[in-house]
Amino acid sequence: MPTRSADAGARGGAPLTGLVLTGGGARAAYQVGVLKAVYRLLGETPGSLSRNPFPIICGTSAGAINATALACGAENPRAAMRRLYAIWENLRTERVYRSDSLGVMRTGARWLSMLSFGWMLARLRRSRPRSLLDNAPLGELLALTLDFHQLEDNLANGALEALAVTASGYTSGRHLTFYQTRGAVGPWQRSLRRAVRDRIAVDHLLASSAIPFIFPARRIQVGDFAEWCGDGAMRQLAPISPAIHLGAERVLVIGAGRSQENPTSERDLGYPTLAQIGAHALSNIFLDSLSADIEQLSRTNQVADLLSPDMRRHLGIRQISVLAITPSRNLDEIAASHVGEMPATMRALLGAVGVSGDGRQARGAGLVSYLLFEPGYTRELIALGWSDAMARASEVRAFFSA
């Protein structure tokens, strides 16, 4: 296990704190509300935000984008948080993926045609689309707003210890963690998991956030070979693990879905649509592993309590304090009330796979909850994140004061 940084003393002897942001497309707006509240609570102590409160930052899928934005601005945490908040508060669909008629026709409509009867059309087989949607605008937004040179400066001057971004390799079937650190942290490998030291760039973020079928995979260099990579939430058995490997002694985890999702109030309208099945599959990808990992870490902490310090060192076991904050409301239901805000072209495209209605009558809103990058929805998620974190203000204060 990595040891504490030499800068730990400069941090007043406080445990090295890691931040883990999980995935979920547009749902990641919730994380911004939680972070805003956390920064507000930390700001109650004079000088507490003069340094980056999260020396180790890890992210998956859309959480990887939020994580990298904070890492790139680690030299000025307050300013980094303001920029991240402004982006999500004013985000619109066309800044993330092509939602104009031509863009939707070139990807979504062609993809659905290929799915339906492409086997009969040689022309479609020769020019098969790679995904339902084209997220080229997201790549342009990331290149415009993220300063990767500043990221390297932050690592060099100690404002940041490590950044890790996760993706899933379609070729090898392995879960891949790309990481960039200040100190010498060697790569680690576990069953179906591999860490790769690299310089984080836009392609890593697009790969990590490439929701299967919806956004295209990206080709990333992994050691001596290139591999097509998709969303990091796929096959992610231990989302907290990278932060621990990188030396975190306590970890704040911010999810993008309830740890125990309750059934939505959708009426039984017959056989489930493709949208409903897809939303269920995405929930399995994005929500299931976090609760299991927290439970496993809790058991490990219990074992550590029973061991002597010498035995802990021998076995490489150490206590890790974890605080997890996840939505108190079902985000599918929130998305259902905002379906009408999506561009008309997207409503038509999603209607073809079974998304219909709005509010309590909405069907397939679970899928919409990952794709609805419109202010009405993202601002409501930010507000929910704020209220959820402030409702647990005493826990947040205790976590950082330990």
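**A guided tour: salt bridges, helix α1 and two annotated residues**

Select R397 and E44 to begin: their side chains form a salt bridge, with N and O 2.9 Å apart. This pair joins distant parts of the chain, since R397 belongs to helix α16 (residues 393-401) and E44 to the loop between α1 and β2, with their positions 353 residues apart in sequence. R397 has a relative accessibility of 41% and therefore counts as partly exposed. E44, with a relative accessible area of 45%, is also partly exposed. The model on display is a predicted one.

**Further salt bridges**

In total, the structure contains 8 salt bridges. Side chains of opposite charge can pair when their charged atoms come close.

Select E152 and R199 next. These two form a salt bridge whose closest N and O atoms are 2.3 Å apart. E152 is part of helix α7 (residues 148-157), while R199 is in the loop between β6 (193-197) and α8 (202-208), so the pair ties together parts 47 residues apart in sequence. E152 is partly exposed, at 28% relative accessibility, whereas R199, with a relative accessible area of 55%, is exposed.

Then select R218 and D203, whose side chains meet in a salt bridge of 2.8 Å from N to O. Here strand β7 (residues 218-222) supplies R218 and helix α8 supplies D203, and the two residues are 15 residues apart. R218 has a relative accessible area of 26% and is partly exposed; D203 counts as partly exposed as well, at 33% relative accessibility.

**Helix α1**

Move now to helix α1, residues 29-42. Its 14 residues reach 20 Å from the first C-alpha to the last, close to the 20 Å expected at 1.5 Å a residue. How many residues of α1 are buried? The count is 12 of the 14, so the helix is largely enclosed by the rest of the structure. Among the buried residues of α1 are A29, Y30, V34, L35, Y39 and L42.

**Aromatic rings**

The whole structure has 7 aromatic pairs. To view one of them, select Y39 and F54, a tilted pair with ring centres 6.3 Å apart and 40 degrees between the planes. Y39 lies in α1 and F54 in the loop between α1 and β2 (56-60), so this pair ties together parts 15 residues apart in sequence. Both Y39 and F54 are buried. Add F399 and F400 to the selection: ring pairs link these two with Y39 and F54 into a cluster.

Two rings have a charge over them. At Y370, the charged end of R27 sits over the ring, 4.6 Å from its centre. At W386, K36 lies over the face of the ring, 5.4 Å from the ring centre.

**The annotated residues**

Finish with S61 and D231, which the UniProt annotation "active site", from an unreviewed entry, covers. These residues are spread over 171 residues of sequence, yet they cluster in space, with a largest C-alpha distance of 5.7 Å.

Where is each one placed? S61 is in the loop between β2 and α2 (62-72), and D231 is in strand β8 (residues 225-231). Are they buried or exposed? S61 counts as buried because its relative accessibility is 1%, and D231 counts as buried at 0%. Display both side chains to see what passes between them: a polar contact of 2.8 Å joins the side chain of D231 to that of S61.

Methods:
Residues are numbered from 1 along each chain as its sequence is written. This is a predicted model: local features need pLDDT of at least 70, side-chain atom pairs count only at pLDDT 80 or more; totals for chains, interfaces and linings use all residues. Side-chain values use heavy atoms; hydrogens and water are left out. Rings of Phe, Tyr and Trp (its six-membered ring) pair if their centres lie within 6.5 Å; planes under 30 degrees apart count as stacked, over 60 as edge-to-face and the rest as tilted. Helices (H or I, at least four residues) and strands (E, at least two) are DSSP runs, numbered from the N terminus. Buried means under 20% relative accessible area, exposed over 50%, partly exposed in between (1.4 Å probe, protein chains only). A charge sits over a ring if NZ of Lys or CZ of Arg is within 6 Å of the ring centre and within 35 degrees of the ring normal. The expected span of a helix is 1.5 Å times one less than its number of residues. UniProt positions are given in the numbering used here, feature names are shortened, and annotations may be inferred rather than shown by experiment. A polar contact is a pair of N or O atoms within 3.5 Å; within protein, one must be able to donate a hydrogen and the other to accept it, and residues adjacent in sequence count only if both atoms are side-chain atoms. A salt bridge is a side-chain nitrogen of Lys or Arg within 4 Å of a carboxyl oxygen of Asp or Glu.
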